[in-house]
Amino acid sequence: MKIGIIVAMDKELRQLQQLFSDGSVRVEKCGIGKVNAALGAQRMINDFKPDVIISSGCAGGHGDDVQVQDVVVSTELTYHDVYCGTAIDNATQYGQVQGLPARYPVDPTLLEKAIQTGAKPGLIVTGDWFVDSKEKMREIVGHFPEARAVDMESCAIAQTCYINKVPFISFRVISDIPLRDTDASQYHNFWDTVADHSFQVTKTFVESLWK
């Protein structure tokens, strides 16, 4: 089995490259944001032809039971900054690219193995916005109250994998809780204080795919 792992930033790349030396696992950086994520996923699919793609990185968290350094795994994914309107199609939902799924579900077998790692399952929402204020987070969860993590890449990778028929799942280490932190200080402190094992959940999940 060939497994592709996509991250957004050098910090995440360094963390994960230290965990994998097997040639059947490739870790690549796509860059920040939806376009970079989609381009990176397509490049990974074209060049490496993985059986599974994993997105790994950090995200802002939401929910009373979500804490900094928890890991959220996607049950499904959607966009928090996409709205195609109702002029053409009244059935298109907020967050949905017209003609594509409103939410991208995760393969049930992958999700079952992911939950066994101790990751918290839930909806991950994606948009081109670094959420550094309570007001923006309230706007997002107003549309998606069940969201457990907010990031800038996962759903774009999910869309690319959906089009290419490649199974996909996303793991997100919670770096900050925007509704509890008004100046994003938790996010910046996260990179100074994050434990060495923060990305071990992804490693444990990858190892479970070979069993």
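**A second pocket and its neighbouring salt bridges**

In this predicted model, the lining of the second largest pocket is made up of 10 nonpolar residues, no polar ones and 1 charged residue. The space in this pocket comes to about 180 Å³. Its lining consists of L77, Y104, P105, V106, D107, A158, C161, Y162, V166, P167 and F168. Since Asp counts as charged, the charged member of this list is D107. Two elements, β5 (104-105) and α5 (154-164), each contribute at least two residues to the lining. Of these, α5 gives the largest share, with 3 residues.

Attention now turns to charged pairs. Side chains of opposite charge can pair when their charged atoms come close. The model holds 11 salt bridges by the distance rule applied here, and a few of them are worth a closer look.

One of the salt bridges joins the side chains of D65 and R148, with an N to O distance of 2.3 Å. This pair links distant parts of the chain: D65 sits in the loop between β3 (52-61) and β4 (71-79), R148 belongs to strand β7 (residues 147-151), and the two are 83 residues apart. Their surroundings can be told apart by accessibility. D65 is partly exposed, at 42% relative accessibility, whereas R148 has a relative accessible area of 14% and is therefore buried, the cut-off for that class being under 20%.

The loop between β3 and β4 also carries D70, whose side chain meets that of K120 in a salt bridge of 2.8 Å, N to O. Because K120 lies in strand β6 (residues 120-126), this contact ties together parts that are 50 residues apart in sequence. Here the acidic partner is the buried one: D70 has a relative accessible area of 18%, while K120, at 22%, is partly exposed.

A further salt bridge, 2.7 Å from N to O, is formed by the side chains of E146 and R103. E146 is found in the loop between α4 (134-143) and β7, and R103 in the loop between β4 and β5, so parts that are 43 residues apart in sequence are tied together. Both partners are partly exposed, E146 with a relative accessible area of 39% and R103 with 24%. The pair does not stand alone, as salt bridges with shared partners join E76, R103 and E146 into one network.

Conventions:
Residues are numbered from 1 along each chain as its sequence is written. This is a predicted model: local features need pLDDT of at least 70, side-chain atom pairs count only at pLDDT 80 or more; totals for chains, interfaces and linings use all residues. Side-chain values use heavy atoms; hydrogens and water are left out. On a 1 Å grid over the protein atoms alone, a cavity is a set of points where a 1.4 Å probe fits but cannot get out, and a pocket is an open set with protein on both sides within 12 Å along at least five of seven lines; lining residues have an atom within 4 Å of a point. Grid points are joined across faces, edges and corners, and a volume is the space filled by probe spheres set on the points. Helices (H or I, at least four residues) and strands (E, at least two) are DSSP runs, numbered from the N terminus. A salt bridge is a side-chain nitrogen of Lys or Arg within 4 Å of a carboxyl oxygen of Asp or Glu. Buried means under 20% relative accessible area, exposed over 50%, partly exposed in between (1.4 Å probe, protein chains only).
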